[in-house]
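Biologist: Please take one strand of this model and go through it closely. I would like its surroundings and its pairing first, and then how that part sits within the rest of the protein.

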Amino acid sequence: VVWMITGDKQETAIIIGRSCSLIESSAKLLIASDATDEQHTIDQVTKLIHQAEDDSFQEYSLVITGSASDTIIQKAPVLFMKLVSKVHSVIACQVTPLQKAQIVLCIKQQTKAVCLAIGDGANDVSMIHTASIGVGIWGKEGTQAARSADYAIRQFRHLSRLVMVHGRYSMIRNALLIKYSFYKNFAFFLTQFLFAFWNSYSAQTLYDDYFLACFNALFCSLPAAMMGGLEKDVPEDFIMSHPEVHRGLDKCPHFQVRDLIMWLVFGFWNSLVFFFVAFGTFGATGGGTIIQNNGDTVSFWTMSSYLTVYAMLTIHATYFMICRYWTWLNWFALFQGPVFFVILWIIESFAPNFGSLYWSIPVVCSQNLLWLT
């Protein structure tokens with residue numbers, strides 16, 4: 001049900017409702033005006049419910065005044081919501097700012113639905129704060145509504161694009177971002193948990209300290225960021241021309257508990273594959289299966305480096321398979337992690353004292369500063 005809550009008079013509100021097609025030309029009006037007492041208001045609403053039920057094939061629009069809505073919301077909110085469920089649209093006229101917020105609060109409590117409120121003036125601020133999602137319009141009445149809302153738009157016609165396009169994309173991006181972030185951390189760091197069974201539960205880490213610190217900072221941060229900011233499942237023009245694609249989105253099908261569990265299981269399975277393939281190939285528990293030119297087996301850190309490569313490339317391959325909207329930023333995010341890894345790997349391999357030099361820089365600087373003072 002679409003609501004128009006305004007402080008205008010009843011006749012003006014009806015004219016506005018017809019001009020913007022909120023009231024269809026074939027719809028009949030159900031008018032709940034000011035009553036003499038509370039019981040009279042309840043009887044009036046009950047009569048309107050019976051009138052709507054007698055002809056269920058007829059479209060109805062409800063016009064209710066602020067005082068009548070205030071009375072029925074406080075005394076019989078269930079009866080009021082029953083009347084609202086029978087109509088196509090509702091116009092609340094002669095409503096104060098506090099009554100606007102009370103109407104929105106009643107709808108939220110009775111229907112348990114997500115309510116969106118949009119306004120352009122200071123008298124709409126309380127309604128915008130009460131709604132689940134508040135949208136403010138930068139208009140001639142000032143900027144109080146826009147500054148108090150969750151989203152701000154320039155014109156009312158921009159609301160359709162905000163809800164249909166950006167609303168859909170926001171849900172898909174947030175769902176993928178959360179699931180992918182859980183997956184990559186499960187796949188990479190659970191190998192540390194598995195390694196604990198082979199190192200006698202000591203403090204020995206499986207990954208190099210630099211690779212461990214740079215995993216989320218440099219190697220795999222951009223894919224998640226691009227997925228959370230640029231992902232699109234269908235083109236924008238298709239969404240605007242085919243509103244039926246929004247059916248079922250109120251159930252949030254892209255972020256269910258089952259989907260999250262599947263991603264976590266997938267990440268755990270990847271960690272098992274990374275760990276046991278690396279240990280089976282390099283034999284890090286002793287008596288390695290790969291022999292170097294000098295006759296020695298490969299070192300533990302060689303196995304660790306290859307394990308890092310396995311994990312990072314698999315995580316980036318997963319991003320490549322699930323990403324559906326590609327720009328040059330997505331391609332940059334895909335190759336940025338491996339490039340940074342190779343650069344860091346080369347620096348650490350050809351600079352044996354890289355670690356001690358790296359950590360000695362702040363010590364030397366602090367000593368020089370102490371000497372100067």
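Modeller: A good place to start is a single bridge: isoleucine 5 has alanine 92 of strand 4 as its bridge partner. The model is predicted, and what follows is computed from it.

That bridge joins strand 4 to strand 1, which covers residues 2-5; the two strands pair in the parallel sense over 4 bridges. Strand 4 also pairs with strand 3 (residues 60-65), again in the parallel sense, here over 5 bridges. In this second pairing, serine 61 has serine 89 of strand 4 as its bridge partner.

The side chains of strand 4 point two ways: Ser89, Ile91 and Cys93 one way, Val90 and Ala92 the other, and all are buried. Buried here means a relative accessible area under 20%. Because 5 of the 5 residues of strand 4 (residues 89-93) are buried, the strand is largely enclosed by the rest of the structure.

Serine 69 offers another buried position, this time in a helix. Serine 69 lies in helix 3, which spans residues 66-75. Its relative accessible area is 1%, so serine 69 counts as buried. Leaving aside residues up to four places away in sequence, serine 69 touches Ile64 and Ile103.

The opposite case is found at methionine 321, in helix 13. Methionine 321 counts as exposed because its relative accessibility is 63%, and exposed requires over 50%. Methionine 321 is also one of the residues of a nonpolar surface patch of about 710 Å², together with Phe320, Trp331, Phe335, Val339, Ile343 and Ile347. Helix 13 (300-322) and helix 14 (328-350) each supply at least two residues of this patch. Helix 14 gives the largest share, 5 residues.

For the protein as a whole, the secondary structure comes to 15 helices and 7 strands. Of its 373 residues, 39% count as buried. Among contacts with a separation of 6 or more, 69% are between residues 24 or more positions apart. The accessible surface comes to about 21,000 Å², and carbon and sulfur atoms account for 62% of that surface.

On confidence, the mean pLDDT of the protein is 81, with 88% of the residues reaching 70 or more. Over residues 355-373 the pLDDT is below 50, and this stretch has 3 contacts in the model beyond near neighbours in sequence.

Conventions: Residues are numbered from 1 along each chain as its sequence is written. This is a predicted model: local features need pLDDT of at least 70, side-chain atom pairs count only at pLDDT 80 or more; totals for chains, interfaces and linings use all residues. Side-chain values use heavy atoms; hydrogens and water are left out. Buried means under 20% relative accessible area, exposed over 50%, partly exposed in between (1.4 Å probe, protein chains only). Contact means heavy atoms within 4.5 Å. Accessible areas come from the Shrake-Rupley method with a 1.4 Å probe; for residues, only the protein chains shown count as cover. pLDDT is the predictor's confidence in each residue, from 0 to 100. Patches are made of residues with over 30% relative accessible area and no salt bridge: like charges are joined within 9 Å, nonpolar side chains (Val, Leu, Ile, Met, Phe, Trp, Tyr) within 5 Å. A salt bridge is a side-chain nitrogen of Lys or Arg within 4 Å of a carboxyl oxygen of Asp or Glu. Two strands pair if DSSP finds at least two bridges between them.
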